[in-house]
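Let's take a walk through the inside of this protein, from its empty spaces to its packing and its charged pairs. Have the viewer open as you read.

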Amino acid sequence: MSQLVQPMSLRAFERPPLPRRFCNLDRVVHALEARNLDGIVVTSPQNVFYLTGFNTIAHKSDEPRVCAVILSRDAPEQPIMVVADYYLASFLTQETWVEDIRPFRAVMMALDLPEQKSDVDRFIPKDALGTPWIESARKNYTFEMTSGLKGALRDLKLETGNVAFDDMGFGIRLGLDGVTVSDGYDPMMFARSVKTPTELELLRRSSKLNEAAIHKTIASWQEGITWRDLNLAYATAVAELGGFVRDPGGMVWGHPRGTEETIMLATGFEQTEVSAGTHVMFDCHGTIDMYCWDGGKTWVVGGEPEGEGKNWAQATNAVWETLMSAMRPGAKIKDLQALARDTYRRAGVPDPDRALIFFHGLGLSHMELELMTAAGEKPGGNWTLEEGMVAPIHLLYPGSEHNRSWCEEVVEIRADGGKPMFSWGPEPITG
């Protein structure tokens, strides 16, 4: 069984500036070519970050967009970024390969005072004046986003043609008479589905942080602690390690008590006790530098799996090992599910059809997959693995609070099989 270990220190998860470019630009261009798109405008925080490394600290929800990246298929190395003026100094710390940054007068600037080109200087440190990209930004300062965006489209020769928007509503509201507004979701998901070396390192770091946070959470357990307490302990551990979770919490699974075997998710309101002997299913979500972590495994509170619980844990371990070998480029999800279910069957579980076995992509989201391919196909859940993808596997054999078995592994797809990103293996954590 997997023993509780001391978590690594906070220093392991410091956040230095990222490389100037870490996106898979070739795949972005390929996606545009395959869909006969002349260019793309991205405004979602994830896609902006993917292309530029820019993380909008003040905008995390469905507020109006404050940044757009415009990329032409014919000139992919010369993209333009249109961004709220108050974010301009951010690029002095987190540099980007996008050299043409065009600020616009945004919400911080007064409506009761006249607009002036010098307004942007309030957001530029004095020692940055004279920097070529800063001087270009000052020259291209506009008084609202739409004019800045239309100017960028004109300069990239995208004022006519077929242009994708990752937010089609944003594109429609621009009122671009000569532009066909197309869907930009799938081209970006195609690009993001296969990770660059930098992305793989960011995902490995995310998984390490999650693993450390789970160990810290387990170490905090004492008699009388409730599920809400445990969820808060996990969130606290994540924050102490430098990561972030979202409201209402980072622990996903609900945990029915007694002999109840219903599959449910947590709500954040659970106040029942986490008692000794309970099989806790850690499936934890969060981010660091925008890259997601996912997963965890079973922890048997204060003990070890017994009886059916031990048998089902061993069966889940066997499925994990089988899938690690089978998760190679070209494998399809339906076939992997069938292989995993057959392994459960051969391991002797009473009803293999009750096992939950599912997969998804992982990166800046828990998706990272096209909904529709360039050929118009809709793979749904039966997508095909490619080398460089990251695909978590989810294995749940349902049972009572004392015998259910759960494991989720984050897997890098390689030519010779899957490589796990957790260090601890599939065995339940005990004690």
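## Cavities, cores and salt bridges

The largest cavity holds about 120 Å³ of space. Please keep in mind that this is a predicted model. In total, the structure has four cavities of 30 Å³ or more. Around the largest one there are 14 lining residues, and those nearest its centre are Thr-43, Pro-45, Thr-56, His-59 and Val-66. Sorted by class, that lining is made up of six nonpolar, five polar and three charged residues.

The second largest cavity has about 90 Å³ of space. Its lining includes Trp-227, Trp-253, His-255, Phe-269 and Glu-270. Here the classes split into five nonpolar, four polar and two charged residues.

Next, the packing. The largest nonpolar core is built from 94 residues, and Val-41, Tyr-50, Ile-70 and Val-280 have the most contacts inside it. Helix α8 (residues 197–219) is the top contributor to this core, giving eight residues. There is also a second, separate core of 28 residues, with Leu-323, Val-349, Trp-383 and Leu-395 among them.

Val-41 is a good residue to click on. Leaving out residues up to four places away in sequence, Val-41 touches Ala-68, Val-69, Ile-70, Leu-149, Leu-153, Val-163, Ala-164, Phe-165, Asp-166 and Phe-170.

Another one to try is Val-83, found in strand β4 (residues 80–84). Is Val-83 buried or exposed? Its relative accessibility is 0%, so Val-83 counts as buried. Beyond its neighbours within four places in sequence, Val-83 has contacts that include Phe-54, Phe-91, Ile-101 and Arg-102, as well as Val-66, a residue already met at the lining of the largest cavity. From Val-83 to Arg-105 the C-alpha distance is 9.0 Å, with their positions 22 residues apart in sequence.

Now for the charged pairs. The count of salt bridges comes to 22, and three of them are set out here.

| Salt bridge | N to O distance |
|---|---|
| Asp-155 and Arg-102 | 2.9 Å |
| Glu-368 and Arg-192 | 2.5 Å |
| Arg-345 and Asp-342 | 3.7 Å |

What does the salt bridge between Asp-155 and Arg-102 tie together? Asp-155 belongs to helix α5 (residues 145–155) and Arg-102 to strand β5 (residues 100–104), so the pair links parts that are 53 residues apart in sequence. Asp-155 counts as partly exposed because its relative accessibility is 43%, whereas Arg-102, at 10%, counts as buried.

Glu-368 and Arg-192 form a salt bridge with their closest N and O atoms 2.5 Å apart. Glu-368 sits in the loop between β12 (356–359) and β13 (393–397), while Arg-192 is in helix α7 (residues 185–193), so this pair ties together parts that are 176 residues apart in sequence. Both Glu-368 and Arg-192 are buried.

The pair of Arg-345 and Asp-342 stays within one element: they are three residues apart in helix α11 (residues 333–346), so about one helical turn separates them. Arg-345 has 44% relative accessibility and therefore counts as partly exposed. Asp-342 is partly exposed too, because its value is 30%.

Finally, have a look at Glu-201, Arg-204, Glu-412 and Arg-414, which are joined into one network by salt bridges that share partners.

Key. Residues numbered from 1 in each chain as written. Predicted model: local features only at pLDDT ≥ 70, side-chain atom pairs only at ≥ 80, totals over all residues. Heavy atoms only, no water. Helix = DSSP H or I, 4+ residues; strand = E, 2+ residues; numbered from the N terminus. Buried < 20%, exposed > 50% of the residue type's maximum accessible area, 1.4 Å probe, protein only. Contact = heavy atoms within 4.5 Å. Core = buried A, V, L, I, M, F, W, Y, C linked by side-chain atoms within 4.5 Å. Salt bridge = Lys/Arg side-chain N within 4 Å of Asp/Glu carboxyl O. 1 Å grid on protein atoms, 1.4 Å probe; cavity = no way out; pocket = protein on both sides within 12 Å on 5 of 7 lines; lining within 4 Å. Points joined across faces, edges and corners; volume = space filled by probe spheres on them. Nonpolar A, V, L, I, M, F, W, Y, C, P; charged D, E, K, R; others polar.
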